[in-house]
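Open your viewer, load the model and keep the selection box at hand. We will go from stop to stop, and at each one you will hear what to select and what to look for.

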Amino acid sequence: MLKDRSGAKKLYKAHKTWLAAGVVAASLLSVSALGGQQVSAATGDAQTAVTETAATVKDATLKNDQAQAANDIAQSNKKVADKKEADTKAASEQANLAADIAAGHNDSAAKTLADATTASEKANLAADIAAGHNDSAAKAAKDAALAKDQADATAFISQSDATAAAGKATQAQKAADDAAAAKTTAAQQAGTADQALAERKADTAAKLAAKNAADANVATAKQVMNDHPNATTAAAYAASQEIAQAANTALNNAQAAQIPAQLVADAKDAALAVATTKASDAAGQATIAQNLADQKQAQADIDQYKANVADKKAADTATAAAAAKTALENANLQKDIAQGHVDSATKAANDAKTALENANLQKDIAQGHYDSAKLAAEKANLAADEAQGHADSAQRALDNAKAAHGEAVLDANKKGDDFKDHQKAEADAAAAKAAQRKAGYEAGLKDGKLGAESRADDPAISKQVAEYQEGYANGFDEGHAAWQKALDDKAAAKEALHKAGYEAGLKGGKLGANSRANDPAISKQVAEFRDGYDEGYAEGHAAWLAGLKKDDTNPTTPNKDNGKGDTNTDSNKGGNTTDTGDKGSKTVATAKTPAAKAAKQTPAAPKAKAATLPTTGDDNNVALAGVGVVAVIGALFGLAGDRRKRA
């Protein structure tokens with residue numbers, strides 16, 4: 001508000017420097033006119049006025065600062081509330097995003113669960129199909145095993161029948177052989193007629209026997225067929241039928257030819273009854289034998305046929321057994337394949353179960369994420385509510401602070417007017433203090449730079465105001481430090497000169513040259529340089545002489561460089577020490593150490609002097625005090641202006 005004012009205040013701002021200068025001039029005149037005690041009294045009164053004014057200004061400034069602080073706090077609280085609101089909003093958005101992600105995870109888990117369920121159903125179907133294949137294979141294997149057992153039984157029966165038929169065929173062959181032998185014997189014994197009759201009878205008997213044998217064979221075949229219906233084949237039945245038909249045909253032919261043969265036989269029998277009785281008996285025996293032979297032959301043929309049938313049946317049985325074995329192997333292979341399907345189906349079912357468990361786990365995890373996100377969203381909402389409450393509180397505090405700030409500004413403006421009235425007195429008092437402090441500082445600085453003793457206890461100083469005494473102490477310390485530094489620098493310079501002279505003399509002495517101490521280039525140097533040169537030359541020359549004695553054992557060799565004709569010595573400021581050893585005597589130069597450094601000068605203990613300063617100070621001090629007052633007042637006005645700008 002101070003910036004908006006015009007008139008006298010603007011004029012004051014524009015010319016405040018000149019006003020301050022006028023105040024300083026008035027102060028200087030007052031200081032020059034009054035004595036020391038009067039200056040002290042005036043300073044005390046100004047200090048009292050300044051103290052009261054400063055207290056009033058301080059109170060106004062404090063209230064203004066408090067209002068500004070309250071305003072800053074309210075602004076800070078509002079910023080904090082805004083940030084909390086933004087953080088809450090961000091947290092809410094993150095919670096919503098997490099909820100969406102959790103929902104997505106839940107959907108994915110549900111899809112995974114559905115896929116796992118479908119896979120499990122497919123696995124169960126595959127397991128059922130494999131079980132069906134396994135059952136079919138087991139049934140086929142069982143049927144093949146049963147067929148093999150039946151084939152083995154049939155082959156055994158056929159083999160037994162073949163063996164029996166072979167035995168009967170052998171017996172029939174033997175009977176035929178016996179009949180043939182009997183027939184030969186009978187033919188030899190009977191006559192021609194008897195032989196013919198006997199032959200016819202034998203034929204008839206043979207045919208009858210053949211018929212009987214055929215009937216027997218047919219009956220046997222029928223009996224075999226009845227006993228073994230499973231082993232009978234169409235070929236065996238057809239063969240038995242052909243045998244039976246052939247036997248019947250032979251029997252019919254025999255019966256048809258039997259009638260005329262019988263008539264002839266009867267006639268011959270009647271004529272030759274007596275003569276042929278014996279032959280008839282033999283012929284009968286032969287016929288019987290022939291019939292038996294024919295019967296055996298027929299039986300042998302039947303047995304051979306049965307054997308052939310049995311062999312074929314055995315071969316068929318072996319083929320069937322091989323086929324059954326192949327079928328069994330195929331059945332086992334199908335069984336293995338079916339078992340593989342079962343194993344695959346079992347593995348698929350286990351995998352589907354595992355996938356289902358994983359899907360359930362993912363579903364549970366997704367549910368956990370969703371629950372966490374929901375909880376975070378609830379917390380975020382709660383935090384948002386709290387942040388809104390903080391924001392409302394901060395807004396109320398800001399409003400209150402603004403109101404308090406307005407009141408404080410009004411009060412500060414009111415008291416600021418009072419402050420301006422007292423500001424001049426404060427500036428005057430500060431200028432007076434600064435003038436006293438500067439005057440004391442310059443007096444102390446002057447005494448310190450001269451190396452004099454401190455006059456702090458001198459009544460001319462100790463009876464001055466505190467600012468003057470403080471300035472004197474600070475000035476004396478600074479001046480004394482400068483004086484001490486000058487002494488140290490001087491001592492260091494002397495030491496450097498001494499060192500430079502020492503090094504120059506040492507170099508010349510080591511070269512064996514004559515001393516140049518009387519040379520104007522050396523003699524016109526300061527004492528420290530000359531002393532250093534003498535010490536260095538003595539040490540260097542002694543070293544040079546020692547070197548000569550080491551190289552040449554003749555101690556009387558003249559020194560060509562010595563203008564006075566010295567043989568082995570030269571006047572110097574160093575001493576020689578002779579050391580006798582096994583290899584001869586030698587002179588070793590002992591260097592004299594350089595002179596000690598110049599001791600630092602220290603000021604004497606301060607002593608009180610009888611001189612006293614003037615009561616009001618000299619003219620120079622007054623002028624310097626005026627300059628200091630101007631500077632202090634300018635600084636105060638600048639600080640006051642800055643404070644108003646900040647307010």
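The tour starts with the whole chain, moves along its helices and ends at the stretches of low confidence.

**Stop 1: the whole chain**

Show everything as a cartoon, and keep in mind that this is a predicted model. The chain comprises 10 helices and 2 strands. Follow the elements from the N terminus and you will read α-α-α-α-α-α-α-α-α-β-β-α.

Now switch on a surface. About 38,900 Å² of the chain is exposed, and 57% of that area comes from carbon and sulfur atoms. Of the 647 residues, 27% count as buried. For contacts with a separation of 6 or more, residues 24 or more positions apart account for 86%. The next two stops show contacts of this long-range kind, starting from helix α2.

**Stop 2: Ala67 in helix α2**

Select residues 36–189, which make up helix α2, and pick out Ala67, which is found in this helix. Is Ala67 buried or exposed? Its relative accessible area is 5%, so Ala67 is buried. Next, add Ala404, His405 and Ala408: Ala67 is in contact with these residues, once neighbours within four places in sequence are left aside. Lys402 is worth showing too, since its C-alpha atom is 8.0 Å from that of Ala67, although 335 residues separate the two along the chain.

**Stop 3: Ala116, further along the helix**

Stay in α2 and move to Ala116. At 4% relative accessibility it falls under the 20% cut-off, so Ala116 counts as buried. Which residues does Ala116 touch, not counting those up to four places away in sequence? They are Ala352, Ala355 and Leu356. Try a distance label between the C-alpha atoms of Ala116 and Asn360: you should read 9.9 Å, for residues 244 apart in sequence.

**Stop 4: the largest nonpolar core**

Select Ala439, Ala443, Ile461, Val465, Tyr468, Tyr472 and Phe476 and show their side chains; these 7 residues form the largest nonpolar core. Two elements give two or more residues to this core, α5 (277–449) and α7 (466–510). The biggest contribution is that of α7, with 3 residues. As background, nonpolar side chains tend to be buried together in soluble globular proteins.

Begin on the α5 side. Ala439 lies in this helix, and with a relative accessible area of 8% it is buried. Draw a line from the C-alpha atom of Ala439 to that of Tyr472: the separation is 7.6 Å, for two residues 33 apart along the chain. Then centre on Ala443, which is in contact with Tyr468 and Tyr472, leaving aside neighbours within four places in sequence.

**Stop 5: helix α7 from end to end**

Now colour α7 by confidence. Among the elements of the chain, α7 has the highest mean pLDDT, 94. How far should its 45 residues span at 1.5 Å a residue? The expected span is 66 Å, and the end C-alpha atoms are 65 Å apart, which agrees. Just after the helix, look for Gly512, which follows α7 and has a positive phi, near 80°.

**Stop 6: two aromatic pairs**

The structure holds 2 aromatic pairs. For one of them, stay where you are and select Tyr472 and Phe476: their rings are stacked, at 6.3 Å centre to centre with 20° between the planes. Both residues lie in α7, 4 residues apart, about one turn of the helix, and both are buried.

Then jump to Tyr533 and Tyr537. Their ring centres are 6.3 Å apart and their planes are at 15°, so this pair is stacked. Tyr533 and Tyr537 lie in helix α9 (residues 527–551), 4 residues apart, about one turn of the helix. Tyr533 is buried, and Tyr537 is too.

**Stop 7: where confidence is low**

Finish by colouring the whole chain by pLDDT. The mean is 74, and 67% of the residues reach 70 or more. Strand β2 (residues 584–589) has the lowest mean pLDDT among the elements, 35. Select residues 1–5 as well: pLDDT is below 50 there, and the model gives this stretch 12 contacts beyond near neighbours in sequence. Last, select residues 31–43, where pLDDT stays under 50 and the model has 13 contacts beyond four places in sequence.

Notes: Residues numbered from 1 in each chain as written. Heavy atoms only, no water. Core = buried A, V, L, I, M, F, W, Y, C linked by side-chain atoms within 4.5 Å. Buried < 20%, exposed > 50% of the residue type's maximum accessible area, 1.4 Å probe, protein only. Contact = heavy atoms within 4.5 Å. Areas by Shrake-Rupley, 256 points an atom, 1.4 Å probe, with all protein chains shown as cover. Phe/Tyr/Trp six-rings, centres within 6.5 Å; stacked < 30°, edge-to-face > 60°. pLDDT = per-residue confidence, 0-100. Expected span 1.5 Å × (residues − 1).
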